[in-house]
Amino acid sequence: MGRGRVQMKRIENPVHRQVTFCKRRAGLLKKAKELSVLCDAEIGVVIFSAHGKLYELATKWTMQELIERYGKYTGGPPADEPMVEPMDAKKEIEMLKQEIEILQKGPRYMFGGGCEYMSLNELLVLEKHLEIWINHIRSTKMDIMFQEIQMLRNKEGIMTAANKCLHETIEENISYTDFTTMTTNIMHPLTIANNIF
C-alpha cells in the first residue's frame with residue numbers, strides 16, 4: 001500500500017517537523033552523493049536548519065573552492081571579499097547597548113516588574129529574540145529526546161540479546177534432560193515393608 005500524497009505546507013508539530021527535516025536532509029545528501037558518483041558531477045549542497053545549524057556537502061572539492069568557482073561563473077564577487085562593510089566601532093557599541101537595554105527591559109515588561117513602556121520597535125526586537133530562544137530551547141529539547149530514544153533503543157537491543165541468550169540456554173537444558181520413566185526391578189522402592197516394625 002502506498003503512502004498518501006504529502007501536502008506541501010509547514011508541519012505544525014515541532015517533533016514531526018524535526019524528524020521530517022532529519023530524514024529528508026539525509027535523503028537529499030544521499031541523493032547528491034549518488035549523483036556525484038554516478039555522473040561524475042561536482043556538487044555542493046548547503047542547508048541551514050530552522051535553528052540555524054549548518055549542514056553542507058561538497059563532492060570532489062571543498063565547499064570554499066566550489067563557492068569561488070560558482071562566483072567566477074556568475075560574475076559575483078570572490079568569496080574572500082567581504083560582502084558587507086564593517087560598521088564603525090562606536091555605532092556598533094551603541095547598537096549593542098540599545099539591544100542590551102531592550103533585552104533587560106523585556107522581562108520586566110513581561111512579568112510586570114515595573115511600569116516599563118516599550119515602543120513597537122522594542123517589542124519587535126524582543127519578539128525576535130524570544131523566537132530565537134524558543135528555537136534554541138526546542139532544538140536542545142529535541143537533542144535530549146533523541147539521545148534518550150537512542151539510549152532506550154540500545155537498552156532494548158541489550159535486553160533482546162539477553163533474552164535470546166536465555167531462551168537458547170533453556171532450550172539446551174531441555175534437550176539434555178531426558179524425562180522418560182526409569183524402569184527398575186524393585187516393585188515399590190519407596191514402600192517400607194510392614195514386618196520391619
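The following questions and answers concern the fold, the packing and the surface of a predicted model.

Residues are numbered from 1 along each chain as its sequence is written. In this predicted model, local features need pLDDT of at least 70, side-chain atom pairs count only at pLDDT 80 or more, totals for chains, interfaces and linings use all residues, and side-chain values use heavy atoms, with hydrogens and water left out.

Reader: In what order do the elements of the chain run from the N terminus on?

Author: Helices (H or I, at least four residues) and strands (E, at least two) are taken as DSSP runs, numbered from the N terminus. The chain has four helices and two strands. From the N terminus on, the order is α-β-β-α-α-α.

Reader: What percentage of the 197 residues of the chain count as buried?

Author: A residue is buried under 20% relative accessible area, exposed over 50%, and partly exposed in between (1.4 Å probe, protein chains only). Accessible areas come from the Shrake-Rupley method with a 1.4 Å probe, and for residues only the protein chains shown count as cover. The chain exposes about 17,700 Å², of which carbon and sulfur atoms supply 60%. Of its 197 residues, the buried share is 12%.

Reader: Against which strands do the buried residues of helix 2 pack?

Author: Helix 2 covers residues 63-74, and its twelve residues reach 16 Å from first C-alpha to last, close to the 16 Å expected at 1.5 Å a residue (the expected span being 1.5 Å times one less than the number of residues). Its buried residues are M63, L66 and G71. They cover an arc of only 140° around the axis (taken from the directions from the helix axis to the C-beta atoms), which puts them on the same side of helix 2. These buried residues pack against strand 1 and strand 2 (54-58).

Reader: Which residue just after helix 2 takes a positive phi?

Author: The residue in question follows helix 2, which spans residues 63-74. Its phi is about 80°, and the residue is G75.

Reader: Is V45 buried or exposed, and with which residues is it in contact beyond its neighbours within four places in sequence?

Author: V45 lies in strand 1 and, at 14% relative accessibility, counts as buried. V45 and A58 are 13 residues apart in sequence, and their C-alpha atoms are 6.5 Å apart in space. With contact meaning heavy atoms within 4.5 Å, and leaving aside neighbours within four places in sequence, V45 is in contact with L28, L29, A32, Y55, E56, L57 and M63.

Reader: How far apart are the closest N and O atoms of E42 and R69?

Author: A salt bridge is a side-chain nitrogen of Lys or Arg within 4 Å of a carboxyl oxygen of Asp or Glu, and E42 forms one with R69. E42 lies in the loop between helix 1 and strand 1 and R69 in helix 2, so the pair ties together parts that are 27 residues apart in sequence. Both are partly exposed, E42 with a relative accessible area of 36% and R69 with 27%. Their closest N and O atoms are 1.9 Å apart.

Reader: Which residue forms a salt bridge with E34?

Author: An α-helix has 3.6 residues a turn, so residues three or four places apart point the same way. E34 and its partner are three residues apart in helix 1 (residues 14-39), which separates them by about one helical turn. E34 is partly exposed at 32% relative accessibility, whereas the partner is exposed at 57%. The closest N and O atoms are 4.0 Å apart, and the partner is K31.

Reader: How many salt bridges does the count come to?

Author: One of them joins the side chains of E12 and R10 at 3.5 Å, N to O, and both of these residues are exposed. By the rule already stated, the count comes to three.

Reader: Which residues does V15 touch, not counting those up to four places away in sequence?

Author: V15 lies in helix 1 and is partly exposed at 29% relative accessibility. V15 and K141 are 126 residues apart in sequence and 9.8 Å apart in space, C-alpha to C-alpha. Beyond residues up to four places away in sequence, V15 touches M142 and M145.

Reader: Which residues make the nonpolar surface patch of about 300 Å²?

Author: Patches are made of residues with over 30% relative accessible area and no salt bridge; like charges are joined within 9 Å, and nonpolar side chains (Val, Leu, Ile, Met, Phe, Trp, Tyr) within 5 Å. V46 lies in strand 1 (residues 44-48) and is partly exposed, with a relative accessible area of 44%. The patch is made by V46, F48 and L54.
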